[in-house]
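Q: I have a structure with a ligand in it, and I'd like to learn how to read the site around it. Could you walk me through it?

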Amino acid sequence: MATPPLASVASALQGAKPDGPSAVRAARPIKPLGEQLISQIAAGEVVERPASVVKELLENALDADASRIDVRLEQGGVKRIVVADDGSGIPEAELPLALARHATSKVSNLAELEAVATLGFRGEALASIASVARLTLTSRVATASHAFQIASDDAEVRPASGGFGTTVEVSDLYWNTPARRKFLKTEATELGHCHEAVRRIALARPDVTITLTHNGRVLEHRRATDIGARVLALLGTEFAAQHRAVSHVAGEGLERLALGGFIGLPAVARASANGQYFFVNGRFVRDRILGHAVRAAFEDVLHGERFPAYVLALELDARRVDVNVHPSKTEVRFRDSQAVHRFVFQVVQQALAAAAGRDRASGAVYVNAPTSLADLARMQTQTPLSMGVAQPSAPYFAMFAAPGADNAETFAPPHAAPPEEGEHPLGFALGQLHGIYILAQNASGLVLVDMHAAHERILYEQLKNALDCQGAAEQPLLIPAVFNATDVEVALAAEAHEVLARLGFSLSPAGPNALVIRAVPALLADADAVALARGVLADIEKYGASRLLTERRNELLSTMACHRAVRANRQLTLTEMNALLRTMEATERSDQCNHGRPTWTQWRLADLDRLFMRGQ
Ligand SMILES: Nc1ncnc2c1ncn2[C@@H]1O[C@H](COP(=O)(O)OP(=O)(O)OP(=O)(O)O)[C@@H](O)[C@H]1O
Ligand SMILES: [Mg+2]
């Protein structure tokens, strides 16, 4: 994976510079908040478990502009948590206030609270931690000749040794509340949560070097790097091999929305949500609206119970998002959640929808580069003007035109350099392998296509388009097909008559235990009509006729596409193969089949050379 194109996503992933968390600010003193402001802050429990402590301390370090953070844990963090940073430090005189409730250097009035630019803002984390554990704070500012220390149990400030920056040591969590200690899980579980807290910060801030040590063993050591390298290293090799970069900006000023990051292709979706990271202005959040937008964007390519993996960062004006919603600060409220949902959905969907062969390797994505007319229409109806017509802004545009990116891993943006006339990204068919794969030659080397999977995906998209328009056209059968049906099938066929008609079926009873098919959906004219009808009836039974055209539409379309798609072992002529390649190029989402498997893969000449050790 070439690094230069990814570097500029960093600005998106690093949060909302210049006005997001971690923006460089002049040092401000810690001050008690006024009563009024205190009442405005979402108060409550912050120390649920060791990982909450780790998270709060890491956030403080980032707010202090640290470039290096060391996290050391003992016994899953229950025994000891030490977080040391090289940030701006806390002046001697302010140390007692740092441990006081409702005292902060980060906000001082309502306007600032409504446009929070730091990760912390309640002035509460250290005080809460100190109330359930023993806490020692050691800090040295740049102008001090040595460090000072304060401990939560005697509140006296003393000189101490230590370099520039701040070290917080938290030990014996819940020593004074044994009942709560009982709720802690095993060391491994608590460690897992702490590790996850570190991972989130590491993903949000690749420019910071971060180390995690447990019982003296280094678990994580991440040097400062660019966003691409950090994300791919943390999300694993599968993700690294099959992902797309996302980068898009829409609107300006207060209206500006920017989304950057990486989404795993359906083939690397997971069995749980553990690969999902969403950052809003540099803050990790769990937000229903954002989660839903991504999920919806994956709808067409990811069925069933799989969870897409992604690292996405949304940037917007701090005034458009309220972070003062929940004491743990992982929830946010958008002033205009619909616009945010629409934006995220569209950007991710477009990233996934890019037609086969255009941009797979580079992962470059243009929300404003419609790949079909239908696409264009959709954008124009759903998108406010400011989004529909915007060009990628300069820094994002630069991402796709990085120097030195001259191999198959880059592609030229359609705006800048349209593909040459007659150029076919998937190349031309050479032949067929064991009746399963098509071999084709394109500019970069060899293309292997899984015929069945590719065809199934194409059909799926065609059926979907047909349904989107007034319903699928029907193809009357020359000889109606009669088949033995169960009582249930006969009953379902009658009940779901309308839905079946909409799909292009004409299906009616022909005696007590028989059904007759007079027409099938035109797109599936060559399918085995009986098997197809049975498959659709089975879906109706499973999901109910009414849900089949709405929530369960994907399942239905898959069933239908699957019955007609080219089966393995069917001999195709070269003309047929080339036709399939051309259709793939013109079909959205044709890179993955309906089950999330890839439909084709590229072997570049360089890959082949390596196999034969050529040029070494
Ligand atoms: N690592 C650190 N480096 C420099 N200053 C720090 C550090 N940790 C805490 N402080 C100072 O101590 C103050 C109190 O920290 P604390 O975490 O309790 O509150 P906060 O960060 O202001 O808000 P929140 O409760 O939302 O985290 C901060 O406002 C900051 O000025
Ligand atoms: Mg804090």
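A: Happy to; we will go from the ligand outward to its pocket. One thing to keep in mind is that this is a predicted model.

Q: Let's begin with the neighbours. How many residues are around ligand 1, and which come nearest?

A: A residue joins the shell if one of its heavy atoms lies within 4 Å of the molecule. Here 22 residues surround ligand 1, and the nearest are T104, S105, K106, E124 and K329.

Q: What kinds of residues make up that shell?

A: Sorting by side-chain class is a handy habit. The shell around ligand 1 holds nine nonpolar, seven polar and six charged residues.

Q: Which polar contacts should I look at?

A: Look for pairs of N or O atoms within 3.5 Å. Try S105 to begin with: an N or O atom of its side chain lies 2.5 Å from an oxygen atom of ligand 1. For K329, a side-chain N or O atom is 2.7 Å from a ligand oxygen. R122 takes part through its backbone, with a polar atom there 2.9 Å from an oxygen of ligand 1.

Q: How much of ligand 1 does the protein bury?

A: Compare the ligand alone with the ligand in place. Alone, ligand 1 exposes 580 Å², and the protein buries 96% of that.

Q: Where does ligand 1 sit, and which elements give two or more residues to its shell?

A: Ligand 1 occupies the second largest pocket. Two or more shell residues come from each of α4 (50-63), β4 (103-104) and α7 (125-132). The largest share is that of α4, with three residues.

Q: How do I describe the pocket itself?

A: Give its volume, then its lining. The second largest pocket encloses about 730 Å³ of space. It is lined by 37 residues, of which I30, N60, I90, S105 and K106 are closest to the centre.

Q: Which elements give two or more residues to that lining, and which gives the most?

A: They are α4, β3 (80-85), β4, α7 and β8 (165-171). With six residues, α4 gives the most to the lining. By class, the lining has 17 nonpolar, eight polar and 12 charged residues.

Key:
Residues are numbered from 1 along each chain as its sequence is written. Chains are lettered from A and ligands numbered from 1 in the order in which they are written. This is a predicted model: local features need pLDDT of at least 70, side-chain atom pairs count only at pLDDT 80 or more; totals for chains, interfaces and linings use all residues. Side-chain values use heavy atoms; hydrogens and water are left out. A polar contact is a pair of N or O atoms within 3.5 Å; within protein, one must be able to donate a hydrogen and the other to accept it, and residues adjacent in sequence count only if both atoms are side-chain atoms. Accessible areas come from the Shrake-Rupley method with a 1.4 Å probe; for residues, only the protein chains shown count as cover. On a 1 Å grid over the protein atoms alone, a cavity is a set of points where a 1.4 Å probe fits but cannot get out, and a pocket is an open set with protein on both sides within 12 Å along at least five of seven lines; lining residues have an atom within 4 Å of a point. A molecule sits in a cavity or pocket if more than half of its atoms lie within 2 Å of its grid points. Helices (H or I, at least four residues) and strands (E, at least two) are DSSP runs, numbered from the N terminus. Ala, Val, Leu, Ile, Met, Phe, Trp, Tyr, Cys and Pro count as nonpolar, Asp, Glu, Lys and Arg as charged, and the others, Gly among them, as polar. Grid points are joined across faces, edges and corners, and a volume is the space filled by probe spheres set on the points.
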